[in-house]
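The exercises below are meant to be worked through with the sequence and the 3D view side by side. Each task is followed by a solution that goes step by step.

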Amino acid sequence: MEETYSWHEQFYYFSLFRTLHGPDATPGKECHTPIDDETYYTQADLSAWIREQNHSRKAFLEGKASDITANQIRVLDNASFPWIRDSSERWDAHFRELLEYKEKHGHCNVPRRSCKLGIWVKNQRAAYHKLCDMATGRGGNRDVKRTTAVITPDQIKLLTEIGFQWKLRPDHSDAWDTHYENMKVFIMKNGHCRVSPKEFPNLGRWACEMRNRYKEKAKGEKSRISDEQISKLNAIGFQWQKVTMDPEEKKRRIEEGRRKQNEKRKRERAENKLKKQQEIEDVLKKYLPGAKKQQPNVGMNPKKNQVAKKPKKDAGANFKSADQITVGIEGKPEAKEQNMNAGANIEKPVDQINKECIHGQKNLLGSNNDRVGHLWTTFPKPT
């Protein structure tokens, strides 16, 4: 004979099961493991009792005879009982959550990725636009086409009454205020509103857009600038007409830009030089630990530190005629050390040099040409 349990006992086992296995745990249908070691009440028994409570609640809501009371339903609601709800009940539950969200934040624009309520709000907008597209015969966007949510006219009415926005538009008021404050600071600092697009691209584009919107409003066309925004810009001295720059100011800015560019290049060259010098020092430290660090000649003229080059001589000084070259007694040229007075014979006529060589009064000295050398010989006096 099977043991029978009262409603309160089974609710106790339900609370014990959630405490032991987690707040969202669900007992298995075919699991015969006892929930408590002191009793034979299993998870399969608890699963059957949960299904029985759902059937009883459904009959109670339909006005039929049921074994469950309103107080028991309220107790199970507070215990997060896993009710099997239909679509209308789920919608009502989310609607109550949306009312609580609006009371706390002041609007119904729940972020999509914040919680399940945000996904539900997105589905309600998609279902509404899908219903409107079906009525007008237009094609919707991607979110509208792939949604499976369904909304009724009564639900649309309830959401509209609480201020639900069916179409969200981006709010640019915060961005406008930010650009306005930046423009205010710019005018106070520079004394004008000529914003350079190269230096301040975002503020420059915003100023140009404000002028275009003002022109549209002046022509009576539809514009996205309000009278309040125009008053704020007038208060800080914003000029609605495009102001041309003074030629002297333009020239000064160009020269300033060039000067900054030259300074930047000088800094880069100096940094590259120091970097290369540091690399050389690192290599010396690694492979030649005892090498001394070479101190750069700071503040000295590099041209003065160069070694003086040897002046070049006249090309004619290195040339020697055939008459000036004599052959030794044995027919071979002989070398002799360079004489300090070698240049003296170069200036003499060829005939005089030969005459002195014949009489043996003086040795013939060669030119300063390193390849030929200094050839000399002594001829005996003629008999």
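The structure shown is a predicted model, and the exercises deal with salt bridges and with the surroundings of one helix.

**Exercise 1. Find the salt-bridge partners of Arg259 and work out how these residues are placed along helix 11.**

Step 1. Look for a side-chain nitrogen of Lys or Arg within 4 Å of a carboxyl oxygen of Asp or Glu. Arg259 meets Glu256 in such a contact, with 2.3 Å from N to O, and Arg259 also forms a salt bridge with Glu263, where the closest N and O atoms are 2.6 Å apart.

Step 2. Compare the positions in the sequence. Arg259 and Glu256 are 3 residues apart in helix 11, which spans residues 247-287, and therefore they are separated by about one helical turn. Arg259 and Glu263 lie 4 residues apart in helix 11, again about one turn of the helix.

Step 3. Recall the general geometry: an α-helix has 3.6 residues a turn, so residues three or four places apart point the same way.

Step 4. Check the accessibility of each residue. Arg259 is partly exposed at 37%, Glu256 is partly exposed at 26%, and Glu263 is partly exposed at 34%.

**Exercise 2. Decide whether Glu62 and Lys64 are exposed or partly exposed, and state how their side chains meet.**

Step 1. The side chains of Glu62 and Lys64 form a salt bridge, with a distance of 3.3 Å from N to O.

Step 2. The cut-off for exposed is over 50% relative accessible area. Lys64 has 55% and is therefore exposed, whereas Glu62, at 46%, counts as partly exposed.

Step 3. To place this pair in a wider setting, note that the count for the model comes to 6 salt bridges, and that Glu209, Arg213 and Arg224 are linked in a network of salt bridges.

**Exercise 3. Determine which residues of helix 10 are buried and how they are arranged around its axis.**

Step 1. Helix 10 covers residues 227-235, and within it Gln229, Ile230 and Leu233 are buried.

Step 2. Seen down the axis of helix 10, the buried residues fall within an arc of 100°, so they line one face of the helix.

Step 3. Turn to the other side of helix 10, where Asp227, Glu228 and Ala235 are exposed.

Step 4. Follow the chain onward: just after helix 10 comes Gly237, which takes a positive phi of about 85°.

Methods
Residues numbered from 1 in each chain as written. Predicted model: local features only at pLDDT ≥ 70, side-chain atom pairs only at ≥ 80, totals over all residues. Heavy atoms only, no water. Buried < 20%, exposed > 50% of the residue type's maximum accessible area, 1.4 Å probe, protein only. Helix = DSSP H or I, 4+ residues; strand = E, 2+ residues; numbered from the N terminus. Arc of directions from axis to C-beta.
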